[in-house]
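Open your viewer, switch to a cartoon view and keep the selection tool to hand. We will go from the whole chain down to single side chains, one selection at a time.

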Amino acid sequence: MGIWSLLFLLAVPLQYSVLDNQEDEQFLKTFQSDILFLQNISYASSSRIELVFDHTNHCYTIEGLDEGTLLKRSFPAEWDIDERTMKEGISFNNHGTIRKPGRIQIDTPSTRYQIIFPLGKGRCYVEKL
């Protein structure tokens, strides 16, 4: 009985950290897919379409002047997303080049990430700090 209790106590915290890491990875994959979506619809649109963070409602949206809100996704309330140099939103021109390169920092309870948007036609990449 004592050995089973000890194994159970060791296994439960391990599962929580695995779940946190899975949540982080899933959000980052989804965010990168949304950036690809933003870049693709910017090719075909004549109006400016951008990704904007809403810290009050813990979400981000992809919206355009003519199109309205195209996509809305939420992120956990305990996460801190600092847009740093990208406070005006993320957008691409109709050639697929980002309008303003920069970086975003995401602090989760367990890890800090930096999403970098380089100048050029590449979308972004994620660094774990």
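The tour below starts with the overall fold and then visits a sheet, a core, some aromatic rings and two polar side chains.

**Stop 1: the whole chain**

Keep in mind that this is a predicted model. Colour by secondary structure and you should find 1 helix and 8 strands. Following the sequence, the pattern reads α-β-β-β-β-β-β-β-β. The radius of gyration is 18 Å, well over the 14 Å that the globule rule gives for 129 residues, so the chain is more spread out than a compact globule. Rotate the C-alpha trace onto its principal axes, where the spans are about 70 × 25 × 20 Å.

Now switch on a surface. The accessible area comes to about 7900 Å², and 55% of it belongs to carbon and sulfur atoms. Of the 129 residues, 37% are buried. As for contacts between residues at least 6 apart in sequence, 42% join residues at least 24 apart.

**Stop 2: an open sheet**

Select residues 49–54 for S1 and 59–64 for S2, then add 68–74 for S3 and 90–91 for S5. In what order do these strands lie in the sheet? The order is S3-S2-S1-S5, an open sheet of 4 strands with antiparallel pairing. S3 and S5 are the edge strands, each pairing on one side only. Zoom in where S1 meets S5: the two pair in the antiparallel sense over 2 bridges. Here leucine 51 stands opposite isoleucine 90 of S5.

**Stop 3: the largest nonpolar core**

Stay with leucine 51 and show what surrounds it. Leaving out residues up to four places away in sequence, leucine 51 touches Phe31, Ile35, Leu38, Tyr60, Thr61, Ile62, Gly89 and Ile90. Next, widen the view to the largest nonpolar core, which has 25 residues. Which of its members touch the most others? They are Phe27, Phe31, Leu51, Ile90, Ile104, Ile106 and Phe117. H1, S1, S2, S6 (102–107) and S7 (112–117) each supply at least two residues of this core, and H1 gives the most, with 6.

**Stop 4: the aromatic rings**

Show Phe, Tyr and Trp side chains as sticks. A search of the whole structure finds 7 aromatic pairs. For one of them, select phenylalanine 31 and phenylalanine 53: the ring centres are 6.1 Å apart and the planes meet at 25 degrees, so the pair is stacked. This pair links distant parts of the chain, with phenylalanine 31 in helix H1 and phenylalanine 53 in strand S1, 22 residues apart. Phenylalanine 31 is buried at a relative accessible area of 1%, and phenylalanine 53 also counts as buried, at 10%. Now add Phe27, Tyr60, Phe75 and Trp79, which form one aromatic cluster with Phe31 and Phe53.

**Stop 5: two polar residues on the helix**

Select H1, residues 2–44, and pick out glutamate 23. Is glutamate 23 buried or partly exposed? Its relative accessible area is 36%, so glutamate 23 is partly exposed. Beyond its neighbours up to four places away in sequence, glutamate 23 touches Pro76 and Trp79. Try a distance from its C-alpha to that of isoleucine 3: the two are 31 Å apart in space and 20 residues apart in sequence.

Finish on glutamine 39, also found in H1. Glutamine 39 counts as buried, with 2% relative accessibility. Leaving aside neighbours within four places in sequence, select its contacts: Phe92, Gly96, Lys121 and Arg123.

Note on methods
Residues are numbered from 1 along each chain as its sequence is written. This is a predicted model: local features need pLDDT of at least 70, side-chain atom pairs count only at pLDDT 80 or more; totals for chains, interfaces and linings use all residues. Side-chain values use heavy atoms; hydrogens and water are left out. Buried means under 20% relative accessible area, exposed over 50%, partly exposed in between (1.4 Å probe, protein chains only). Contact means heavy atoms within 4.5 Å. A nonpolar core is a set of buried Ala, Val, Leu, Ile, Met, Phe, Trp, Tyr and Cys residues joined through side-chain atoms within 4.5 Å. Rings of Phe, Tyr and Trp (its six-membered ring) pair if their centres lie within 6.5 Å; planes under 30 degrees apart count as stacked, over 60 as edge-to-face and the rest as tilted. Two strands pair if DSSP finds at least two bridges between them. The radius of gyration is taken over C-alpha atoms; the globule rule is 2.2 Å times the number of residues to the power 0.38. Accessible areas come from the Shrake-Rupley method with a 1.4 Å probe; for residues, only the protein chains shown count as cover.
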